[in-house]
Number of protein chains: 2
Amino acid sequence: MARGRKTVTIRDVAEDAGVSLQTVSRVVNGGPNVRPQLRDKVRAAIERLGYVPSLAAQRMSGSRSYIILAINDRERTLADWRERRGTDWVDQMLLGGILTCSKHGYRMMVELIDTHSDHVERELGAAISALQPDGVILTPPHSENALITGLLTERGIPFARIGSNAPGPGIALTMGDEGAAHLATARLAELGHRRIAMVAGPAQYSLSGWRIEGWKRAMRELGLPSDGLLEAGDFGYESGTRAARALLDRNPDCTAIIASSDQMALAALEVARERGLRVPEDISLISFDNTPIVRFTQPPLTAIDQPIAETVSRAVEQLIARGPDGADDAVIEVAAALVERLSTAPAPGSA
Amino acid sequence: MARGRKTVTIRDVAEDAGVSLQTVSRVVNGGPNVRPQLRDKVRAAIERLGYVPSLAAQRMSGSRSYIILAINDRERTLADWRERRGTDWVDQMLLGGILTCSKHGYRMMVELIDTHSDHVERELGAAISALQPDGVILTPPHSENALITGLLTERGIPFARIGSNAPGPGIALTMGDEGAAHLATARLAELGHRRIAMVAGPAQYSLSGWRIEGWKRAMRELGLPSDGLLEAGDFGYESGTRAARALLDRNPDCTAIIASSDQMALAALEVARERGLRVPEDISLISFDNTPIVRFTQPPLTAIDQPIAETVSRAVEQLIARGPDGADDAVIEVAAALVERLSTAPAPGSA
DNA sequence: ACAAGTCTTGAGAACGCTAACAACATACGC
DNA sequence: GCGTATGTTGTTAGCGTTCTCAAGACTTGT
């Protein structure tokens with residue numbers, strides 16, 4: 001077996017092209033002061049030998065590591081996965097991240113970290129020390145964890161916080177949860193609905209609050225009361241069942257529900273069915289997330305599409321563009337869209 | 001801003017513990033010949049300083065890179081993603097991989113690579129040169145690409161091929177596609193079905209062939225003819241529609257369909273509906289994959305669960321356990337299971 | 001008690017790359 | 001034509017770790 005054919009190093013290229021190591025390095029990194037003639041010669045040698053710089057060596061020599069680290073919540077990810085709920089969030093994040101990273105010669109790594117306070121510093125610290133990433137992407141519920149943002153700030157590593165619009169340290173990227181909830185509510189009102197209920201997410205996620213805000217603002221603007229029309233779940237199916245039942249028990253006149261996750265919307269759909277309510281004839285449903293499952297339910301659900309991939313992509317681009325020193329704070333919004341399917345219709349008796 | 005607090009290196013630990021670099025290195029890597037007293041002293045220093053070895057430096061010094069690289073097909077992944085079909089496969093793979101990697105102090109990286117022959121060597125070669133992974137995990141359709149396995153063999157990098165049971169180079173991990181198809185077919189026969197059709201995957205994937213084999217073997221063992229009951233799709237929804245229509249046109253007496261992917265099963269479900277066939281009363285349906293969507297269709301689908309996460313986990317463990325030299329070939333099978341839901345029932349008119 | 005081993009520790013080189021600096025060539029101003 | 005800015009190339013050191021090899025401290029057998 002032709003095992004272990006020696007790796008092509010920068011030295012081999014230098015030799016082949018008849019120049020010094022440094023010149024090759026300059027060509028590889030797009031250095032500014034190289035004569036075109038030499039540059040082409042070096043490029044030819046690189047091509048011929050199939051040279052690719054070693055990431056480890058680059059990192060060692062004090063330059064960038066070309067790694068972006070994405071932090072996900074271990075508990076949630078594992079629960080989603082174990083119960084085969086699907087982890088579309090991870091998917092979207094990964095794909096958006098990988099694609100954008102590779103466009104810039106970077107790589108993305110995913111790390112699962114416990115939210116528990118005594119673990120979080122150890123685990124994140126270890127990951128950072130081992131990988132020395134050029135940037136970190138934080139996803140909920142880590143996005144507003146002061147322990148984490150503090151650690152990253154202290155170590156001088158640029159980071160982006162997904163799903164947060166609190167103008168704290170680092171780059172905050174939000175999907176405009178307030179606006180999205182407002183959009184959904186307004187659309188339902190447009191269809192003639194007056195009693196529009198909201199199944200919110202857990203208070204631990206700040207986006208839950210923003211969605212409630214958006215819903216309340218829309219109701220207020222339309223002169224509709226929102227009292228008694230709010231329930232909270234934990235994004236999971238069971239909590240959605242509980243919330244939908246409570247909501248319908250309390251408001252028999254409710255004709256529309258906005259659920260803060262697809263799972264909870266699915267639960268609401270089932271609760272409606274168990275009570276003999278037809279969707280969308282008797283009650284309309286809008287969910288948040290727009291994961292693949294909502295296209296295959298009966299009826300397919302109208303949903304707010306979370307542009308997770310695009311958001312993460314933007315985050316990566318910011319991180320890379322700003323480089324090691326540009327950790328300036330910023331708030332960026334990537335707009336969500338309403339995808340209308342068959343779970344929404346004019347309110348019963350309207351028009 | 002307390003920017004850039006210096007990283008803790010092995011030198012700091014050595015100084016703190018009053019020993020040489022080498023001793024610390026030995027303790028960190030579980031070296032065999034260190035006196036317990038010293039070992040504890042060094043461990044205490046590591047703990048106190050929060051030392052974590054730099055991955056880049058470890059790699060540089062010629063030891064392992066502690067990185068496992070997973071290769072996915074770019075085209076398929078992007079298509080799945082763009083059309084929001086969901087990429088459950090990526091999910092499962094990633095999670096199974098990450099979890100097992102981190103258990104052993106490894107990391108997993110995902111790379112999307114084009115199947116096109118002129119790209120594949122360049123792209124994979126570049127990824128390998130840059131990352132220098134300790135092992136590579138190949139997923140279909142790369143698992144049996146001779147260009148890829150050749151390149152890896154030549155470079156002496158151990159690799160695992162997921163979804164292949166061809167006893168070629170490297171470790172082949174199969175989910176027992178032949179057995180799984182046999183299982184599904186036998187179960188349907190048990191329910192009284194005689195005309196059991198198969199919507200297979202594309203021939204490009206060898207597992208498609210194995211599934212056909214399993215189905216044919218079961219039919220043969222049961223003394224049932226299988227002629228005219230086979231159609232092939234490309235795993236996608238549209239191809240499933242075409243296949244199901246062709247199948248039902250040709251075999252009005254068909255009472256059961258096994259589809260080689262959830263998407264194609266969904267399509268078959270829709271085709272049945274459009275022809276006024278009730279599932280499962282008139283026709284039973286079994287799909288392959290068991291992604292999250294099949295739990296939420298009407299009715300929920302009986303499915304063969306692909307133990308992707310477990311398979312990848314096994315692959316990672318093999319790769320790590322064998323180390324840099326143990327590239328011995330092997331074939332490992334992780335059994336798939338049949339998850340019965342509501343799309344299967346006794347054949348019409350039976351019992 | 002002495003030679004021959006084994007265990008334990010340390011010193012120095014090496015991995016592949018880039019930063020910082022030095023050296024040389026070329027251009028420009030007067 | 002000489003000094004100074006600017007462009008181009010090469011040289012050296014160092015990043016943090018592990019490997020190789022050597023030296024010292026213990027054993028053990030006779």
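## Two protein chains and two DNA strands

Chain B superposes on chain A after a rotation of 180 degrees, with 0.0 Å of shift along the axis and an RMSD of 0.1 Å. The two copies are therefore related as by a two-fold rotation axis. Both copies use the same surface: 100% of the contact residues of chain B recur in chain A. This is a predicted model.

### DNA strand C

Around DNA strand C there are 24 residues. Those that come nearest are I10(A), Y51(A), S61(A), T23(B) and M60(B). Of the atoms of this strand that come within 4 Å of the protein, sugar and phosphate account for 63%.

Which helices supply the surface near DNA strand C? In chain A, helix 2 (21–28) and helix 4 (55–60) each supply at least two residues. Helix 2 (21–28) of chain B does so too.

### DNA strand D

DNA strand D has 25 residues around it. M60(A), I10(B), Q22(B), S25(B) and Y51(B) come nearest. Sugar and phosphate account for 63% of the atoms of DNA strand D that come within 4 Å of the protein.

The surface near DNA strand D draws at least two residues from each of these helices: helix 2 of chain A, and helix 2 and helix 4 (55–60) of chain B.

### Polar atoms at the DNA

The table lists polar atoms of the protein beside oxygens of the DNA.

| Protein atom | DNA atom | Distance |
|---|---|---|
| Y51(A), polar side-chain atom | DNA strand C, phosphate oxygen | 2.5 Å |
| S61(A), polar side-chain atom | DNA strand C, sugar or linking oxygen | 2.7 Å |
| R35(B), backbone N or O atom | DNA strand C, phosphate oxygen | 3.0 Å |
| S20(A), backbone N or O atom | DNA strand D, phosphate oxygen | 2.9 Å |
| S61(A), backbone N or O atom | DNA strand D, base oxygen | 3.3 Å |
| S25(B), polar side-chain atom | DNA strand D, phosphate oxygen | 2.5 Å |

S61(A) appears beside each strand. Its side chain has a polar atom 2.7 Å from a sugar or linking oxygen of DNA strand C. A backbone N or O atom of S61(A) lies 3.3 Å from a base oxygen of DNA strand D.

### Salt bridges

Side chains of opposite charge can pair when their charged atoms come close. Over all chains, the structure holds 34 salt bridges.

One of them joins R107(A) to E111(B), with the closest N and O atoms 2.8 Å apart. This pair crosses between chains. R107(A) sits in strand 2 (residues 107–113) of chain A, and E111(B) in strand 2 (residues 107–113) of chain B. Are these two residues buried or exposed? Both R107(A) and E111(B) are buried.

Within chain A, R211(A) forms a salt bridge with D177(A); their closest N and O atoms are 2.9 Å apart. The pair links distant parts of the chain, 34 residues apart. R211(A) belongs to helix 10 (residues 206–221), and D177(A) to helix 9 (residues 177–190). R211(A) and D177(A) are buried.

In chain B, the side chains of R74(B) and E123(B) meet in a salt bridge of 3.3 Å, N to O. R74(B) lies in helix 5 (residues 74–82) of chain B and E123(B) in helix 7 (residues 117–131) of chain B, so the pair ties together parts that are 49 residues apart in sequence. R74(B) counts as partly exposed because its relative accessibility is 23%. E123(B) is partly exposed as well, with a relative accessible area of 22%.

In chain A, a network of salt bridges links R74(A), D114(A) and E123(A).

### D73(A) and H142(A)

D73(A) is found in strand 1 (residues 67–73) of chain A. What is the nearest side chain of opposite charge to D73(A)? That side chain is R76(A), 5.7 Å away. D73(A) is buried yet has no salt bridge. Its side chain does join that of T115(A) in a polar contact of 2.6 Å. Beyond its neighbours up to four places away in sequence, D73(A) touches residues including I113(A), T139(A), P141(A) and H142(A).

H142(A) lies in the loop between strand 3 (135–138) and helix 8 (146–155) of chain A. H142(A) is buried because its relative accessible area is 0%. The side chain of H142(A) reaches the backbone oxygen of I113(A) at 3.3 Å. Among the residues that H142(A) touches are I71(A), N72(A), D73(A), D114(A) and I148(A).

Methods:
Residues numbered from 1 in each chain as written. Chains lettered and ligands numbered in written order. Predicted model: local features only at pLDDT ≥ 70, side-chain atom pairs only at ≥ 80, totals over all residues. Heavy atoms only, no water. Least-squares fit on C-alpha atoms with pLDDT ≥ 70 in both. Contact = heavy atoms within 4.5 Å. Helix = DSSP H or I, 4+ residues; strand = E, 2+ residues; numbered from the N terminus. Buried < 20%, exposed > 50% of the residue type's maximum accessible area, 1.4 Å probe, protein only. Lys, Arg positive; Asp, Glu negative; His and termini not counted. Salt bridge = Lys/Arg side-chain N within 4 Å of Asp/Glu carboxyl O. Polar contact = N/O pair within 3.5 Å; in protein donor to acceptor, adjacent residues only side chain to side chain. Near = heavy atom within 4 Å.
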